[in-house]
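Got the viewer open? Here's a short tour of charged side chains, one selection at a time.

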Amino acid sequence: MKRIYETNLTGAGMWSKIIGRGKILKLTDLEGGANVGMMLYNANERTERYNMPDTLKGQQVFYLRQGICLHTDMGRLIGSIVEDSVGWHDTVCGTSDAGEVKAKYGELSYQEAHNDWYRSGKDCFLIELAKWGMGEKDWMPNLNFFSKAVTDEKGALSYVAGNSKAGDSVSVRLEMDALVVVNTCQHPLSPGGGYVSTPVLLEVFEGDPVLEDDECLNSHPENKRAFRNTEDYHQLGFSR
Amino acid sequence: MKESEQIVEAAGYKSVIGAGDYWWKEIKAGEVLRIHDLEGNQAADTLFYRAGDLAERYSASDTIKKQGGLYLSAGSKLISNRGNVLLEIIADTCGRHDTLGGACSRESNTMRYALEKEPMHACRDSFIRGMQEMGGGIVDITCNINFFMNVPVTPAGELSFADGISAPGRYVEMRAEMDVIALISNCPQLNNPCNGWNPTPVEVLVW
């Protein structure tokens, strides 16, 4: 596949772009222990967005891995996880807020630390969303690539350290033109004891057409029906 | 499990929400809202907003994150997207409520069950009409609470919609910590066990 874009995201960095249908977004954890918070929106109808509940209940899963599709609130797909060397990505715990960052790591201002200052995931989401004319109402429970939180039988959550190693990667094929909003702030349940800033390589590749034996298409009958809804949407709206 | 201290006859407001209907009302800080599962195993899909500012609303992931747990019961604080406490659950005779499963929609019915299920009535349409009356729109509808619904998750990461653990007469009660608006869709879903395959009314009471 031809690579058409690459950038290095610094720790606590943020990024947002529109990526076209069929292209593949690849994230690589360069040093291990990264977290990539992500929200996805239909680039043309931004009220259509990644939907955590429909993604989970549609595939009867609590976490994301290769073969899992990312569903929107409209019965369609916005992405498919076509490659993954990690095996577990969280989408339940949301993102850190300023109060949590201060309580966990203390305060470090830009004045003191310049670009090593402490930021929250929520601030990063709201800053990037604003650049597309969007705001608080557009934020929803997000994806946390590379991070793992497990539950016990009573529902108590615990964060699993060391889930992602240096060089681990995950690739998402966009199933519609998507506004992709990301940041590399820590997972909200990651322990205190130091504000760790972990870089991530972000690449975009030209993708291949989705074939009938596609792993994501066939992993659940719900995905097959959501692919059909997505295909109908594109056939009706666009010639391509 | 925790029984309520409220006296039913003293409630200042009572209303029955039929299956498939929606309801919304402002609950003032300090007031107590009870949702009463009259006939058992009925999902009450519920959203909360700060009164006067729809941009501050219930956030499933902030609530899960702050309590470090998936299920809601007595003691759970319902947290907004700005990290503030909207309400706290102070009594609960059901024991466990879901906030991962979201609402059903006509669109997701096509994905989950069959493309032909699209015309069946769904919570999201009820949320949309209620929200329009409240002065908002589709972007204001976020991931909700499903009172009385049972969505167990295993340590291995499997998730299912299981048979309900509620029963006739069980209730959940919460105290508003700020002036909030509650928006409820009494779920009409007929394709999974969330309503025991038979949607029934719920009652709301306010003290």
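**Stop one: a strand and a loop**

Start with B:Arg82, which is partly exposed because its relative accessibility is 35% (buried is under 20% relative accessible area, exposed over 50%, partly exposed in between, using a 1.4 Å probe and protein chains only). This is a predicted model: local features need pLDDT of at least 70, side-chain atom pairs count only at pLDDT 80 or more, and totals for chains, interfaces and linings use all residues. Residues are numbered from 1 along each chain as its sequence is written, chains are lettered from A and ligands numbered from 1 in the order in which they are written, and side-chain values use heavy atoms, leaving out hydrogens and water.

Now add B:Glu56: its side chain forms a salt bridge with B:Arg82 at 3.3 Å, N to O (a side-chain nitrogen of Lys or Arg within 4 Å of a carboxyl oxygen of Asp or Glu). The pair links distant parts of the chain, 26 residues apart: B:Arg82 sits in the loop between β6 (77-79) and β7 (85-92) of chain B, B:Glu56 in strand β5 (residues 53-57). Strands here are DSSP runs of E, at least two residues, numbered from the N terminus. B:Glu56 is buried, with a relative accessible area of 0%.

**Stop two: a network**

Next, select A:Asp97, A:Glu100, A:Lys122, B:Asp62, B:Lys65 and B:Lys66, joined into one network by salt bridges that share partners.

**Stop three: two pairs in chain A**

Pick A:Arg173 and A:Glu175, a salt bridge at 2.7 Å, N to O. Buried or exposed, these two? Both are buried.

Finish on A:Glu107 and A:Lys102, bridged at 3.9 Å, N to O. A:Glu107 is exposed at 62% relative accessibility, and A:Lys102 partly exposed at 48%.

Definitions and conventions. Helices (H or I, at least four residues) and strands (E, at least two) are DSSP runs, numbered from the N terminus.
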